[in-house]
Every structure is written in structure tokens, then in C-alpha cells.
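Trainee: I'm new to this one and would like a close look at a single part of it. Could you walk me through it slowly, and then show me how it sits in the rest of the chain?

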Amino acid sequence: MNKKEKNLIDDKEDLEIKKVASKKNNSDTRLLFIVLFALFCFTLMKSLHYINYYFRVKELNKNAEIIEISNKDAYASIINNGTIDKDIDADSFANTEEIVDEEINSIEVKKTKNSTSESGVIYDVKYIIENNDFSENFIATSNSELLVKFSYSYDLENWNYVNSVLTTSSSNISPLIGNTYDIAGLTTTLNVASNQELKLDNKDSNIIYWKAETIFRKVQNADTNKNLKCKFIINYKSSM
């Protein structure tokens with residue numbers, strides 16, 4: 001008579017297998033949680049960045065002059081915020097040694113619906129000084145009571161400063177320490193950038209921001225009650 005063989009199960013070995021499987025499942029769960037948490041943080045940071053960008057642009061443009069140009073290949077929009085009319089008196093530097101007036105303009109080009117080219121725009125950037133009561137220095141100096149510096153950006157975060165000789169209707173102005181220009185006493189137009197090209201660069205739209213930082217500095221024994229009036233503007237020239 002044949003005896004039925006019994007299948008013997010090693011409980012200890014089975015328990016070890018379950019422990020290994022459990023550890024692997026826990027490890028996979030933790031890894032998935034870490035990946036999902038990292039993805040959530042990345043998405044949140046990106047969202048906050050775009051929200052901040054949106055409200056900053058909205059704030060910048062609340063009192064802007066808007067110029068719109070379009071043709072069959074491209075649409076361009078210029079936003080000029082750069083009207084400066086600043087009075088300086090004895091109380092202006094009560095709590096500071098320096099006052100900075102920051103103006104940001106922008107120009108954007110977009111591809112039109114039926115566009116078949118990589119068209120863009122050509123433009124100028126100018127700083128037009130209409131009234132200037134600040135005393136001109138015999139030799140330009142970075143210690144002047146009135147300075148200005150210019151920069152441009154494609155994202156409102158990373159700025160590239162202009163550090164080249166600027167032309168006016170009658171002379172040239174060289175940059176000083178800190179990418180600044182001494183404009184005390186000048187009543188003229190500074191050609192900050194001429195014949196600049198803003199291309200689409202294989203994108204549906206492209207934008208560039210230009211910034212002027214007008215710096216009023218406290219200078220010992222300087223006269224008070226002064227005014228600076230100027231315009232910082234982007235001028236459209238033509239389509240490409």
C-alpha cells in the first residue's frame with residue numbers, strides 16, 4: 001500500500017520570504033512618495049513663479065502707455081512706463097543717502113495666425129531728459145548726485161547691464177563704476193540702444209524688458225529743491 005507523501009512547508013523560510021517582500025513593498029512605497037512629493041514641490045514652485053510674474057507684470061503696467069503694431073506675419077506690443085518727474089528737496093534724504101527711481105518698459109512680438117515667417121521687430125530705446133536742475137560735473141564721476149543705469153531682461157529676474165558708450169545729439173557718455181552714467185545737468189536724449197532686433201526665434205512669442213534706474217544721491221553742500229523730468233521709452237522702428 002502506497003503511502004501519500006506529505007508536502008512539508010518550512011514556516012521559517014516562508015516567513016523570511018514574506019519579510020523580504022514586505023521590505024521591498026515598503027521601499028517602493030517610500031520611493032513613490034518621495035517622487036510624488038518632489039513633483040508636487042516642483043509644480044508648486046513653478047506655479048508660484050508664474051503667479052508672481054503675472055502680478056508683477058500687472059503692477060508694472062497699470063499706468064502704462066501701450067503701442068500696438070501688426071502686419072501679416074507678426075504682432076508687436078510696446079509698453080512704456082518710463083515717465084519720471086522727480087522733485088528733490090531738503091527732506092528727500094531724511095532717512096537715506098540714496099533714492100532709486102526704477103522704470104521698466106517692454107516690447108513683445110507674437111506670431112500671427114497665418115504667419116509663414118520668423119518675422120520680428122526693430123526698435124530703439126531712449127532716455128529723454130526734458131528738465132534737469134542738478135549741477136553738471138566738470139568731469140563725469142560715479143559720486144555724482146544724479147546717475148542712471150540701464151539693463152535688459154527676458155524674464156524680469158536676470159538682468160544684463162548696459163556698459164557701453166551712449167550717444168547723444170551732441171556728445172558721447174562713457175560708463176562709470178557700477179555701470180552708471182553721470183547725467184547731472186544734462187538736457188538731452190540718451191540713445192540707450194539703437195536698431196535692436198527682437199526675433200521670434202522659433203517661438204510663438206518673445207518679449208524683452210528694458211529697465212532704467214535713476215539714482216539720486218545725497219551730496220554734501222549741494223543745493224536742494226531740484227527737479228528731474230524725463231521719459232524712458234521704447235520706440236518701434238519697423239518690422240523685419
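Trainee: How many cavities of 30 Å³ or more does a search of the whole structure find?

Mentor: Just one cavity of 30 Å³ or more turns up when the whole structure is searched. Keep in mind that this is a predicted model. The volume of that largest cavity is about 30 Å³.

So much for the count; let's go round the walls. The lining of the largest cavity is made up of Ile69, Ser70, Asn71, Ala74, Tyr75, Ala76, Val121, Tyr236 and Ser239. Three elements each give two or more residues to this lining: strand E1 (65-70), strand E2 (74-80) and strand E13 (226-239). Of the elements, E2 gives the most, with three residues. If you sort the lining by class, you get six nonpolar residues, three polar ones and no charged ones.

Now step back to the chain around the cavity. The protein chain has one helix and 13 strands. Reading from the N terminus, the order of elements is α-β-β-β-β-β-β-β-β-β-β-β-β-β. The chain has 240 residues, and 34% of them count as buried. Take the contacts between residues at least 6 apart in sequence: 76% of these join residues at least 24 apart. As for the outside, the accessible surface of the chain is about 15,800 Å², and carbon and sulfur atoms account for 51% of that.

Two residues make handy examples. Start with Ser106, which you'll find in strand E4 (residues 98-111). Ser106 counts as buried because its relative accessibility is 5%, and the cut-off for buried is under 20%. Setting aside neighbours within four places in sequence, Ser106 is in contact with Ser77, Ile78, Ile79, Ile207, Ile208, Tyr209 and Ile234.

Then try Lys199. Look for Lys199 in the loop between strand E11 (189-198) and strand E12 (205-217). Lys199 has a relative accessible area of 38%, so Lys199 is partly exposed; that label covers values between 20% and 50%. Lys199 and Lys110 are 89 residues apart along the chain, and their C-alpha atoms are separated by 9.3 Å.

To come back to your starting point: the search found one cavity, and E2 gives the most residues to the lining, three of them.

Terms used: Residues numbered from 1 in each chain as written. Predicted model: local features only at pLDDT ≥ 70, side-chain atom pairs only at ≥ 80, totals over all residues. Heavy atoms only, no water. Helix = DSSP H or I, 4+ residues; strand = E, 2+ residues; numbered from the N terminus. Buried < 20%, exposed > 50% of the residue type's maximum accessible area, 1.4 Å probe, protein only. Contact = heavy atoms within 4.5 Å. Areas by Shrake-Rupley, 256 points an atom, 1.4 Å probe, with all protein chains shown as cover. 1 Å grid on protein atoms, 1.4 Å probe; cavity = no way out; pocket = protein on both sides within 12 Å on 5 of 7 lines; lining within 4 Å. Points joined across faces, edges and corners; volume = space filled by probe spheres on them. Nonpolar A, V, L, I, M, F, W, Y, C, P; charged D, E, K, R; others polar.
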